[in-house]
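Hi everyone, thanks for coming. I'd like to walk you through a protein model today, so have a look at the picture first.

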Amino acid sequence: MQRLVLAFINSMRALRHLAKHEKAVQQELILFLLSIPLAAVVAPTVLSFLLLTGSVLFLIMIEVLNTGIEAACDAVSLDFHREIQIAKDCGSLAVLISIILVATVWFYTVWTVVFS
């Protein structure tokens, strides 16, 4: 149980840091908070609600991992290295893919609700 508590404390420390210092995470947290009531109105089923809000949480998770990759790369070197650029670009691509996923899930659900 102590490991679980310590892991929770570490996670909350990371969330607090990201919420204070990372603009993308700040925007995505706001998006998540807005998505909850909006999804409650839009979603025709509980599963749809979970998909809508879960897709935004997935985006936040990918953004957190991307930020971790960037922090690790910056800790290694602030000089230009092709390998570091590739690692950072891959993290950025993962965020882009998750944004496309969020947009697709929301568009499909709203489209289905409006035109059915």
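I'll go through the core, an annotated residue, the cysteines and a few aromatic rings.

One thing up front: this is a predicted model. Keep that in mind as we go along.

Okay, let's begin inside. The largest nonpolar core is made of 13 residues. Which residues have the most contacts inside this core? They are Leu 52, Val 56, Val 102 and Trp 106. Three helices each put in at least two residues: α2, running 23-42, α3, running 46-76, and α4, running 82-114. The largest share, five residues, comes from α3. If you're wondering about the general background, nonpolar side chains tend to be buried together in soluble globular proteins.

Let's zoom in on Leu 52. Setting aside neighbours within four places in sequence, Leu 52 is in contact with Ala 39, Val 42, Ala 43, Val 105, Trp 106 and Thr 109.

Now find Ser 55, which sits in helix α3. Is Ser 55 buried or exposed? Its relative accessible area is 6%, and buried means under 20%, so Ser 55 is buried. Again not counting residues up to four places away in sequence, Ser 55 touches Leu 50, Val 102, Val 105 and Trp 106. You've met two of those names already: Val 102 and Trp 106 are among the core residues with the most contacts.

Next, a residue that comes with a label. Which residue does UniProt list for "active site"? That's Glu 63, and the entry is an unreviewed one. Annotations like this may be inferred rather than shown by experiment. Glu 63 is in helix α3. With 8% relative accessibility, Glu 63 counts as buried too. Its contacts, leaving out residues up to four places away in sequence, are Ala 24, Val 25, Glu 28 and Val 95.

On to the cysteines. Quick reminder: a disulfide is a covalent bond between the sulfur atoms of two cysteines. How many disulfides does a search of the whole structure find? Zero. Take Cys 73: the nearest cysteine sulfur belongs to Cys 90, and it is 10.0 Å away. A disulfide needs the two sulfurs within 2.5 Å, so Cys 73 is in no disulfide. Flip it around and Cys 90 is in no disulfide either, with the sulfur of Cys 73 as its nearest cysteine sulfur. As for their surroundings, Cys 73 is buried at 10% relative accessible area, whereas Cys 90 is partly exposed at 46%.

Last stop, the aromatic rings. The count comes to two aromatic pairs. One is Phe 107 with Trp 111, a tilted pair with 5.6 Å centre to centre and 35 degrees between the planes. Both residues lie in helix α4, four residues apart, which is about one turn of the helix. Phe 107 is exposed, at 57% relative accessible area, while Trp 111 is partly exposed, at 46%. Then there's Trp 111 with Phe 115: the ring centres are 4.4 Å apart and the planes are at 45 degrees. Why is that pair called tilted? Planes under 30 degrees apart count as stacked and over 60 as edge-to-face, so 45 degrees lands in the tilted group. Phe 115 counts as exposed, at 58% relative accessibility. Put together, Phe 107, Trp 111 and Phe 115 form one aromatic cluster.

That's it from me, thanks for listening!

Methods: Residues numbered from 1 in each chain as written. Predicted model: local features only at pLDDT ≥ 70, side-chain atom pairs only at ≥ 80, totals over all residues. Heavy atoms only, no water. Buried < 20%, exposed > 50% of the residue type's maximum accessible area, 1.4 Å probe, protein only. Core = buried A, V, L, I, M, F, W, Y, C linked by side-chain atoms within 4.5 Å. Contact = heavy atoms within 4.5 Å. Phe/Tyr/Trp six-rings, centres within 6.5 Å; stacked < 30°, edge-to-face > 60°.
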